[in-house]
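Trainee: I should like to learn how to read ligand sites, cores and single residues in a model. Could we work through one together?

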Amino acid sequence: MNVYDSERMAEALAVAGYQPVNAPEGADMIILNTCHIREKAAEKVYSELGRLKPLKQANSDMIIGVAGCVAQAEGEEMIHRAPMVDMVFGPQTYQQLPDMIDDLDAGRRAGTRPRLVRTEFPADEKFAALKAAPRQPITRAPTAFVTVQEGCDKFCTFCVVPYTRGAEVSRATTDIVEEARALAEQGVCEITLLGQNVNAWQDRETGLRLDGLLGQLGEISGVERLRFTTSHPRDMDAALIAAHGANPKLMPYLHLPVQSGSDSILKAMNRKHTADEYLRLVAAFRSARPDLALSSDFIVGFPGETDSDFDATMDLVAAVSYAQAFSFKYSPRPGTPAADHDVQVDEAVKSTRLARLQERLNAQQIAFNQEKLGQTLPVLFEKPSRQPGQMSGRSPYLQPVHVGVDAHHFDQLVGRIVLVKITGAHANSLSGELADG
Ligand code: 5AD
Ligand code: SF4
């Protein structure tokens, strides 16, 4: 979501005459786009600002902005705590950037130093602005994100998102299809639909759900692959499950966070589903699409989590077998219900549990990668690998795939889906050779 938002900010700023540079030194403006999901993420922003201080001291005309959910949550407080910051603005305000810069410039011309805080929630206005400004991606790539839904009404007791991103809002079908079509015309062949609760997406006028939207997007000429993230188990419906067997453009990869395998922890988290309901969903998906790769988010050390609660998470992982996963120690977020719980889990216990969980998840990821050895997979090539002489792309299962290619074939491969024979399986990627030589 933040990668997507940064691209939109760069586009809004292009209208005001700015263009991206590769380093902060010498820049006229620096914007930190921030994440507030865990505590360390917020602290990182303040230390990053500290590192930028000499640049601001050397050039007081430089504009320093903080965007994203830390900005949304800190608001005025950030203005006080970080005197070098000129503007603090939340995720729903990016289309106002040219206006904000006008305000800063006008103030400076009048000899004052205005400092702006914009943290209101006009999500509809943001979607309207996306529509008004057709996308001109600054970096040409064969893959693109398209936001279809913003915000969250679920109020998991550990999570700040409902407070920082606001209530669930869905973007209109026609706007999404129009944006996807424009991207396809620019050579994008893989589209990932984004939303904090992407499978809660619903067209307000027609009632269309995500399966129907994916169907429409799959018809656009040039769109070869569709993905979506992140889903909530509660919002899954039979039609979306069936789409995984029926829509040939929909890739066999599903990020479906479970957070914990213990029913009492799931209840305390306000996830509104049990471990068994999650397992039954997974089984339904796998019967629609047997080769589906599953991924999840996990939190260990949620307040009150006992050894047997944690064992239930380990059991669920064993039962599902994930292709990929993200796992975190519970981090108390001020203002969320779980932060005030009186039985917080000891840091050392959290660390031990996280290490055990990650060991199991990593082993599953390696096993999933190894299953692909000897198979021939369609790979969408995206860019040269870091290793010279290699191109990298993605398998249908979102695995990075590296392939040795003659330098003069590089340009031909970018943006094409080509069959690759998999000859190497590593912890985080695959390697192979072009199947037709
Ligand atoms: N502590 C730890 N992890 C968290 N997440 C969200 N809030 C917290 C928190 N307070 C994780 C969840 C979510 C992912 C995006 O971040 O697993 O799915
Ligand atoms: Fe946060 Fe839960 Fe909403 Fe996901 S569903 S964004 S974890 S509150």
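Mentor: The discussion below goes from the ligands to the core and then to selected residues. Please keep in mind that this is a predicted model.

Trainee: Which residues are around ligand 1?

Mentor: A ligand site is read first from its list of neighbours. Around ligand 1 these are Ile37, Arg38, Phe158, Gln259, Asp297, Ile299, Phe328, Lys329, Tyr330, Ser331 and Arg333. By class, the shell comprises five nonpolar, two polar and four charged residues.

Trainee: Which polar atoms lie at short range from ligand 1, and at what distances?

Mentor: Two side chains and one backbone atom may be cited here. Gln259 places a polar side-chain atom 2.6 Å from an oxygen atom of ligand 1, and a polar side-chain atom of Asp297 is likewise 2.6 Å from an oxygen atom of the ligand. In the case of Phe158, a polar backbone atom is 2.9 Å from a nitrogen atom of ligand 1. As for cover, ligand 1 has 410 Å² of accessible area on its own, and the protein covers 86% of this. Two elements, β11 (293-300) and β12 (324-329), give two or more residues each to the shell.

Trainee: What is the make-up of the shell around ligand 2?

Mentor: That shell divides into seven nonpolar, two polar and two charged residues. Its members include Cys152, Cys156 and Cys159, together with His232 and Arg271. Phe158 is listed around ligand 2, and Phe158 is also listed around ligand 1.

Trainee: How should I read the buried side of a helix?

Mentor: An α-helix has 3.6 residues a turn, so residues three or four places apart point the same way. In helix α9 (residues 210-218), the buried residues are Leu210, Gly212, Leu213, Leu214, Leu217 and Gly218. Their packing partners are α8 (173-185), β8 (190-194), β9 (225-229) and α10 (238-246).

Trainee: Where do residues of this helix appear in the nonpolar core?

Mentor: In soluble globular proteins, nonpolar side chains tend to be buried together. Here the largest nonpolar core has 49 residues, and Leu210, Leu213 and Leu217 are among those with the most contacts inside it, along with Leu193, Phe228, Phe298 and Tyr322. Beyond its neighbours up to four places away in sequence, Leu213 touches Val148, Thr173, Ile176, Val177, Leu193, Trp201 and Leu208. There is also a second, separate core of 19 residues, which includes Met62, Val70, Met78 and Val85.

Trainee: Is Arg165 buried or exposed?

Mentor: A residue is called buried when its relative accessible area is under 20%. Arg165 has a value of 4%, and is therefore buried. Arg165 sits in the loop between α7 (161-164) and β7 (169-170), and its side chain is joined to that of Asn2 by a polar contact of 3.1 Å.

Trainee: How do Lys372 and Thr376 read by the same approach?

Mentor: Lys372, in the loop between α14 (347-371) and β13, is buried because its relative accessible area is 4%. Setting aside residues up to four places away in sequence, Lys372 touches Leu377, Tyr397, Gln399, Ile422 and Leu430. Thr376 belongs to strand β13 (residues 376-384) and is partly exposed, with a relative accessible area of 39%. With neighbours within four places in sequence left aside, Thr376 is in contact with Leu419, Val420, Lys421 and Ala435. The C-alpha atoms of Thr376 and Arg353 are separated by 37 Å, and these residues are 23 residues apart along the chain.

Notes. Residues are numbered from 1 along each chain as its sequence is written. Chains are lettered from A and ligands numbered from 1 in the order in which they are written. This is a predicted model: local features need pLDDT of at least 70, side-chain atom pairs count only at pLDDT 80 or more; totals for chains, interfaces and linings use all residues. Side-chain values use heavy atoms; hydrogens and water are left out. A residue is near a molecule or strand if one of its heavy atoms lies within 4 Å of it. A polar contact is a pair of N or O atoms within 3.5 Å; within protein, one must be able to donate a hydrogen and the other to accept it, and residues adjacent in sequence count only if both atoms are side-chain atoms. Accessible areas come from the Shrake-Rupley method with a 1.4 Å probe; for residues, only the protein chains shown count as cover. Helices (H or I, at least four residues) and strands (E, at least two) are DSSP runs, numbered from the N terminus. Ala, Val, Leu, Ile, Met, Phe, Trp, Tyr, Cys and Pro count as nonpolar, Asp, Glu, Lys and Arg as charged, and the others, Gly among them, as polar. Buried means under 20% relative accessible area, exposed over 50%, partly exposed in between (1.4 Å probe, protein chains only). Contact means heavy atoms within 4.5 Å. A nonpolar core is a set of buried Ala, Val, Leu, Ile, Met, Phe, Trp, Tyr and Cys residues joined through side-chain atoms within 4.5 Å.
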